[in-house]
Amino acid sequence: MDKTNILVLADHPEILETIIRLINKNESWNGVGVNSYENAVAAFEIAKFDLVLLGVGVDDEAEQQVVAFCKSVDSRIVCMRHYGGGSGLLHSEICHALGL
């Protein structure tokens, strides 16, 4: 079974690490963390992503860049803000975004 690849962009290292750890607890998901728009673009050169979470420290300009880039790669890629919260909220956000 293929895993759902989830890219997380956030510039706070500890929060990014926590989000990736929580995502990777799910056997069906593979989380990859990056800390800049440039690194997000580079990540897409290595892997295909189904969902992009925009976390803490991602400003409106970077969000618009990421959304435009993802739509240019594949219009089915879901980009959404992650505002924090516990693992249950993160799980619910991801399931909702992926239509699970």
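1. A helix axis here is a line fitted to C-alpha atoms over the stretch in contact, and the angle between two axes is taken between N-to-C directions, from 0 to 180 degrees. Please keep in mind throughout that this is a predicted model. With that in hand, α2 and α3 pack at an angle of about 15 degrees, and their axes are 10 Å apart. Angles under 35 degrees count as roughly parallel, so α2 is roughly parallel to α3. The crossing of these helices, α2 and α3, is right-handed.

2. The other helix pair to look at is α1 with α4. Helix α1 covers residues 13-24 and helix α4 covers residues 87-98; the two pack with their axes 10 Å apart, at an angle of about 65 degrees. That angle makes α1 roughly perpendicular to α4. Here, too, a handedness can be given: the crossing of α1 and α4 is right-handed.

3. Now to the aromatic residues, where the count is three aromatic pairs. One of them joins F44 and F49: the ring centres are 5.1 Å apart and the planes stand at 65 degrees, so this pair is edge-to-face. F44 is buried at 13% relative accessibility, and F49 is buried as well, with a relative accessible area of 2%.

4. F44 also pairs with F69, again edge-to-face, with 5.3 Å centre to centre and 75 degrees between the planes. Which parts of the chain does the pair of F44 and F69 tie together? F44 lies in helix α2 (residues 37-46) and F69 in helix α3, so the contact ties together parts that are 25 residues apart in sequence. Both F44 and F69 are buried. It is worth viewing this pair alongside the packing in point 1, since F44 belongs to α2 and F69 to α3.

5. Stepping back from single pairs, one aromatic cluster is formed by Y37, F44, F49 and F69. I would suggest displaying these four residues, Y37, F44, F49 and F69, together when you look at the model.

6. On charged contacts, a search of the whole structure turns up three salt bridges. As background, side chains of opposite charge can pair when their charged atoms come close. The bridge between E63 and R81 has its closest N and O atoms 3.0 Å apart. This pair links distant parts of the chain, 18 residues apart: E63 sits in helix α3 (residues 60-73) and R81 in strand β4 (residues 78-81). At 23% relative accessibility, E63 is partly exposed, whereas R81 counts as buried at 17%.

7. R76 and D74 form another of the salt bridges, with 2.8 Å between the closest N and O atoms. How exposed or buried is each partner, R76 and D74? R76 is exposed, at 66% relative accessibility, while D74 is buried, at 16%. R76 has its place in the loop between α3 and β4. For a sense of the distances around this loop residue, the C-alpha atoms of R76 and V58 are separated by 21 Å, and these residues are 18 apart along the chain.

8. K48 and D50 form a salt bridge too, with the closest N and O atoms 3.5 Å apart. K48 is exposed, having a relative accessible area of 54%, and D50 is partly exposed, with 24%.

9. Finally, the cysteines. How many disulfides are there? The count comes to zero. A disulfide needs two cysteine sulfur atoms within 2.5 Å, and the pair that might catch your eye is C70 with C79: the sulfur of C70 is 3.5 Å from the one in C79, its closest cysteine sulfur, which is too far for a bond. C70 is buried, at 1% relative accessibility. For C95, the closest cysteine sulfur is again in C79, but here the separation is 18 Å, too far for a bond. C95 is buried, with a relative accessible area of 16%.

Note on methods: Residues numbered from 1 in each chain as written. Predicted model: local features only at pLDDT ≥ 70, side-chain atom pairs only at ≥ 80, totals over all residues. Heavy atoms only, no water. Salt bridge = Lys/Arg side-chain N within 4 Å of Asp/Glu carboxyl O. Buried < 20%, exposed > 50% of the residue type's maximum accessible area, 1.4 Å probe, protein only. Helix = DSSP H or I, 4+ residues; strand = E, 2+ residues; numbered from the N terminus. Phe/Tyr/Trp six-rings, centres within 6.5 Å; stacked < 30°, edge-to-face > 60°. Parallel < 35°, antiparallel > 145°, perpendicular 65-115°, else oblique. Left-handed = near helix turned anticlockwise from the far one by under 90°.
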